[in-house]
2 protein chains.
Amino acid sequence: MRLTSKGRYAVSAMIDLVKNQHQGAVNLAAISERQFISLSYLEQLFRRLREGGLVKSIRGPGGGYLLNRAADKISVADVIRAVDEQIQATRCVNALRGCHRGNRCDTHELWDSLGMHIYRYLDVVSLQDVAEKNVSLAAVELAPAENYPPCQPIQFDASIAAAGSGERIAAVS
Amino acid sequence: MRLTSKGRYAVSAMIDLVKNQHQGAVNLAAISERQFISLSYLEQLFRRLREGGLVKSIRGPGGGYLLNRAADKISVADVIRAVDEQIQATRCVNALRGCHRGNRCDTHELWDSLGMHIYRYLDVVSLQDVAEKNVSLAAVELAPAENYPPCQPIQFDASIAAAGSGERIAAVS
DNA sequence: TATAATCCCGACTAATTTAGTCAACTATTC
DNA sequence: GAATAGTTGACTAAATTAGTCGGGATTATA
């Protein structure tokens with residue numbers, strides 16, 4: 001998962017959907033107008049959202065998109081993961097591979113931990129929360145710290161050359 | 001603050017400094033070798049670190065860099081802020097400015113909150129922690145949630161066009 | 001069955017950013 | 001004064017992101 005403006009566009013669009021789908025399928029032209037996102041770009045985003053199973057489409061006149069699950073069952077992380085395709089990190093993935101010539105780099109744990117930290121936040125906040133402006137740190141702090149499910153990959157930016165020899169490092173666990 | 005590989009390089013270099021400065025100033029050539037970061041690039045990074053008051057330099061033979069404060073008094077956030085210069089976010093900064101034509105966008109709080117979340121993490125972890133691999137989620141969760149100091153700007157990536165009309169939005173508070 | 005609305009898809013381009021290099025200069029030690 | 005090491009600004013290359021364009025497929029409705 002990466003945090004880019006593409007992800008933000010997608011979240012905005014999905015929130016628009018949450019707020020407008022009660023009257024049936026919402027077409028992209030409408031979202032485009034309300035959210036000031038170009039239609040072509042929305043098409044690109046919704047292709048991914050559909051492939052990711054987050055929305056379903058209805059074609060033809062009167063068609064559009066609907067959420068595929070309830071708004072409180074879709075997390076912000078889900079949306080971002082759907083649109084920002086996962087570039088498989090090539091190194092530094094399994095503890096001892098990559099980093100500095102076979103040695104786990106000193107900062108590996110830091111980025112790992114940060115990634116998990118961000119993930120835990122975005123995975124807890126649902127579209128419903130955002131739509132209701134029910135987003136606060138408190139919500140996250142209440143989430144159980146232990147027995148938290150498998151740490152998911154987070155990638156902060158696109159070009160993540162390791163601090164070393166052009167190899168790739170990412171905050172990926 | 002932005003999360004890019006430049007910041008990661010800087011953190012790696014600083015950790016190298018933490019581990020090697022006990023014998024006096026550490027020169028960039030040495031860091032370059034150990035961390036596999038090009039000398040020229042290190043020069044660029046350390047200029048900023050020096051300007052940010054995180055390191056001090058000693059010129060001439062035997063010279064190099066030293067931390068300007070104790071390792072447990074420098075946070076990872078300090079380092080990242082020093083090297084990734086702040087691009088002043090033009091809109092969406094003061095609650096009601098920017099976003100969608102004067103209206104605070106629906107996702108504004110989300111990014112605000114996420115930014116603060118990340119900041120709180122990176123601000124708590126010191127270079128000492130990282131050097132000692134003393135980095136865990138627990139460490140953060142122990143930090144006091146309330147009365148936490150002013151929320152600092154976080155910017156996730158470089159090109160953050162708002163989901164709207166090319167205006168700029170950032171997770172900036 | 002024609003038409004229009006709407007999603008679907010691939011290829012392409014433009015803009016921005018990041019990463020990194022180069023060359024020359026200044027200060028300090030021996 | 002020669003070598004070491006930091007200082008600085010300008011420049012380049014690569015990668016990524018954001019966004020466009022043109023055409024195609026599907027379906028409702030008249």
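## A tour from DNA strand C to the paired H5 helices

Start at the surface near DNA strand C by selecting helix H3 (39-51), strand E1 (55-58) and strand E2 (64-67) of chain A, along with helix H1 (5-20) and helix H3 (39-51) of chain B; each of these supplies at least two residues of that surface. Keep in mind as you look around that this is a predicted model.

Next, colour that surface by residue class: you will find 9 nonpolar, 13 polar and 8 charged residues. Of the 30 residues around DNA strand C, the ones that come nearest are Ser57(A), Tyr65(A), Ser5(B), Ser38(B) and Arg59(B).

Now turn to the DNA side. Which parts of strand C lie within 4 Å of the protein? Sugar or phosphate accounts for 72% of those atoms, and bases for the rest.

Zoom in on some phosphate oxygens of DNA strand C:

- Show Ser57(A), where a polar side-chain atom lies 2.6 Å from a phosphate oxygen.
- Show Arg50(A), with a side-chain N or O atom 2.7 Å from a phosphate oxygen.
- Cross to chain B and show Tyr9(B), which has a polar side-chain atom 3.0 Å from a phosphate oxygen.

For the last stop, select helix H5 (residues 108-124) in chain A and in chain B. Their axes come within 10 Å and cross at roughly 150°, which means H5(A) is roughly antiparallel to H5(B). The crossing is right-handed. Display the side chains that make the contact: Leu110, Ser113, Leu114, His117, Ile118, Tyr121 and Leu122, from both chain A and chain B. By class, this contact has 10 nonpolar and 4 polar residues, with no charged ones.

Key:
Residues are numbered from 1 along each chain as its sequence is written. Chains are lettered from A and ligands numbered from 1 in the order in which they are written. This is a predicted model: local features need pLDDT of at least 70, side-chain atom pairs count only at pLDDT 80 or more; totals for chains, interfaces and linings use all residues. Side-chain values use heavy atoms; hydrogens and water are left out. Axes are lines fitted to C-alpha atoms, for helices over the stretch in contact, and angles run from 0 to 180 degrees between N-to-C directions. Helices (H or I, at least four residues) and strands (E, at least two) are DSSP runs, numbered from the N terminus. Angles under 35 degrees count as roughly parallel, over 145 as roughly antiparallel, 65 to 115 as roughly perpendicular and the rest as oblique. A crossing is left-handed if the near helix is turned anticlockwise from the far one by less than a right angle, and right-handed if clockwise. Contact means heavy atoms within 4.5 Å. Ala, Val, Leu, Ile, Met, Phe, Trp, Tyr, Cys and Pro count as nonpolar, Asp, Glu, Lys and Arg as charged, and the others, Gly among them, as polar. A residue is near a molecule or strand if one of its heavy atoms lies within 4 Å of it. A polar contact is a pair of N or O atoms within 3.5 Å; within protein, one must be able to donate a hydrogen and the other to accept it, and residues adjacent in sequence count only if both atoms are side-chain atoms.
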